[in-house]
Amino acid sequence: MPIDRRQFLQASAALGASLAVPAPLFASVKATERRIELTSSAFSVALDPADTARTAVWGFNEQLPGPTQRFRRGDSVHFAVRNDLPQDTAVHWHGLRVPNAMDGVPRVTQHPIPPGGSFDYRFELRDSGTYWYHPHQASFEQVSRGLYGALIVEEEKPPQVDRDEVWVISDIKLNVQRQQVEDFGRILDIANDGRIGNQILVNGLVAGPQRKLEVRAGERLRLRLINAASARFFRLAIEGHQARIIAFDGQGVTPHPLPADGLALWPGMRVDLIIDCMGAAGQSFSLRDLGRPPAAATVLGTLAYSSQPAVRSKPLTSSVALAPNRIAEPDPGKASDHYIIFQGGMRGTPVIGLVDGKPSRIQEIIAKQGLAWTMNYNAQHEAALMHEPLLQLRTGEHVMLHMVNETDFFHPMHLHGHFFRVLAIDGKETPLREWRDTVIMAPRQSIDVAFVADNPGEWMYHCHILDHAAGGMMGTIVVE
Ligand code: C2O
Ligand code: CU
């Protein structure tokens with residue numbers, strides 16, 4: 001039954017794209033596309049260059065993280081993905097607005113890629129910014145094992161900087177032999193804060209003061225941060241510098257300083273920073289994760305100044321604001337209201353819900369089904385076919401989405417295929433009205449976001465704590 005509905009939706013989405021949308025969202029893929037081979041496989045890496053131990057991981061092109069992909073806006077790409085893993089997979093381009101069939105979600109937008117199989121992803125890069133790629137099949141296991149990488153789309157006119165660096169921050173759960181603890185998908189993690197590793201990684205190497213980000217005095221640095229951890233959140237602070245935030249999830253925002261209590265980076269999120277390095281040659285400053293109090297702060301790395309003389313004595317004065325991507329502006333005046341209610345979790349309010357489309361009680365779904373969360377009273381297995389979408393939207397509809405968190409947990413909620421404006425938190429207007437594709441909902445908090453549903457297809461909407469997604473906090477939104 002669901003597959004028929006899906007095929008119908010895909011057919012109508014294709015029709016919608018060719019008939020109803022005045023200006024096509026996607027130009028046809030150009031002949032000048034770049035072809036990139038990406039192979040998922042198992043291999044081993046040295047997580048600590050100061051140590052001989054190797055750790056078995058899964059990753060892309062035998063690198064952890066996978067190779068950073070860099071493009072210019074408007075480029076066309078062809079990712080030829082090959083699966084050398086012992087299980088099915090697919091690759092999702094987190095944040096990028098791609099045609100639905102290229103979104104990389106098994107059983108929703110494509111068939112899973114079987115072991116030994118391959119899939120061609122071809123699309124045009126409409127949006128500049130900081131993005132990432134990762135599998136969307138058993139992601140609570142595959143991402144945790146090391147399948148993730150950065151995808152950067154440069155602006156036509158990027159702000160002037162001397163250095164553009166990417167930090168993919170993640171974690172890994174290691175045993176004393178420095179091998180991964182293979183306890184993926186435990187109900188204790190699913191129903192709580194997710195499976196959190198015991199070793200933080202920066203660009204695939206153990207975090208710590210020895211992780212150096214080298215700069216030269218006077219330089220302007222653009223630092224792109226990506227949280228690729230499956231459950232851990234980071235609260236970053238940079239010693240001795242006035243860093244400015246210029247983008248959330250790749251989308252330009254009014255440049256502003258880091259919050260005094262640290263920059264919160266939840267799973268799936270990206271933040272672009274501008275740092276004017278006005279320290280002196282030879283100095284070093286720490287980049288710390290303040291963590292969740294009362295936990296002590298951890299040093300993730302060091303901003304290390306080389307001994308060379310300063311490139312300039314005063315910081316650059318040129319603007320660091322990013323030109324916006326072309327995103328349709330939602331009009332709250334004509335938007336239709338939609339609600340998504342979140343319940344469940346350990347100690348959560350028991351609710352009657354549907355499990356994979358069938359009525360059930362939350363106590364039973366935790367014990368017997370390995371599910372712990374509901375969205376609009378529905379819980380679905382990640383690997384199950386989506387039964388009914390959470391929302392049905394018309395192409396071009398202006399949407400006001402009210403997300404109501406009735407749980408005692410944090411949830412970074414991610415929507416595919418669109419960006420949304422974050423308009424209010426607990427009914428209070430947000431000062432920045434920023435565009436995002438992943439927004440954090442604190443316990444018992446309500447978040448209002450708005451967007452124009454202009455990308456036809458069936459799109460995932462889920463928590464980016466990947467154990468929560470596996471535990472029921474995953475559904476779809478259909479734009480037809
Ligand atoms: Cu980063 Cu649905 O994913
Ligand atoms: Cu969650």
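Is His 468 buried or exposed? In this predicted model, His 468 is buried, with a relative accessible area of 0%. The copper ion (ligand 2) is a good place to begin a tour, since His 468 is one of its protein donors.

The protein donors of the copper ion (ligand 2) are the ND1 atom of His 411, the SG atom of Cys 463 and the ND1 atom of His 468, at 2.0 to 2.1 Å from the ion. Along the chain, these donors follow the spacing H-x51-C-x4-H. His 411 belongs to strand E28 (residues 411-415) and His 468 to helix H5 (residues 466-470), so the two histidines tie together parts that lie 57 residues apart in sequence. Like its partner, His 411 has a relative accessible area of 0%, and it therefore counts as buried, the cut-off being under 20%.

Turning to the interior, the largest nonpolar core has 34 residues, and those touching the most other members are Trp 167, Ile 169, Leu 223, Leu 225, Leu 273, Ile 275 and Leu 303. Leu 223 shows how such a residue is surrounded: leaving aside neighbours within four places in sequence, Leu 223 is in contact with Glu 165, Trp 167, Leu 213, Val 271, Asp 272, Leu 273, Ile 275 and Leu 287. A second, separate core is made of 32 residues, including Ile 190, Ala 372, Met 375 and Cys 463. Cys 463 thus reappears here, having been met above as a donor of the copper ion (ligand 2).

The next stop is the largest pocket, which holds about 550 Å³ of space. Its lining consists of 27 residues, and the closest to the pocket centre are Phe 248, Ile 425, Glu 434, Arg 436 and Ile 440. At least two lining residues come from each of strand E15 (244-248), strand E16 (251-257), strand E17 (263-265), strand E29 (420-425) and strand E32 (438-441). By character, the lining divides into 19 nonpolar, four polar and four charged residues.

Some details of the backbone also deserve a look. Leu 64 and Pro 65 are joined by a cis peptide bond with an omega of about -10°, and Pro 65 sits in the loop between strand E2 (55-60) and strand E3 (66-72). Ala 138, although not a glycine, has a positive phi of about 40°; this residue is found in the loop between strand E7 (129-135) and helix H2 (139-145). Asp 356 is not a glycine either, yet has a positive phi of about 45°, and lies in the loop between strand E22 (352-355) and strand E23 (358-361). Ala 138 counts as buried at 18% relative accessibility, and Asp 356 counts as buried at 16%.

Definitions and conventions:
Residues are numbered from 1 along each chain as its sequence is written. Chains are lettered from A and ligands numbered from 1 in the order in which they are written. This is a predicted model: local features need pLDDT of at least 70, side-chain atom pairs count only at pLDDT 80 or more; totals for chains, interfaces and linings use all residues. Side-chain values use heavy atoms; hydrogens and water are left out. A nonpolar core is a set of buried Ala, Val, Leu, Ile, Met, Phe, Trp, Tyr and Cys residues joined through side-chain atoms within 4.5 Å. Buried means under 20% relative accessible area, exposed over 50%, partly exposed in between (1.4 Å probe, protein chains only). Contact means heavy atoms within 4.5 Å. Donors are N, O and S atoms within 2.8 Å of the metal (3.2 Å for Na, K and Ca); water is not among the atoms, so sites may look incomplete. Helices (H or I, at least four residues) and strands (E, at least two) are DSSP runs, numbered from the N terminus. On a 1 Å grid over the protein atoms alone, a cavity is a set of points where a 1.4 Å probe fits but cannot get out, and a pocket is an open set with protein on both sides within 12 Å along at least five of seven lines; lining residues have an atom within 4 Å of a point. Grid points are joined across faces, edges and corners, and a volume is the space filled by probe spheres set on the points. Ala, Val, Leu, Ile, Met, Phe, Trp, Tyr, Cys and Pro count as nonpolar, Asp, Glu, Lys and Arg as charged, and the others, Gly among them, as polar.
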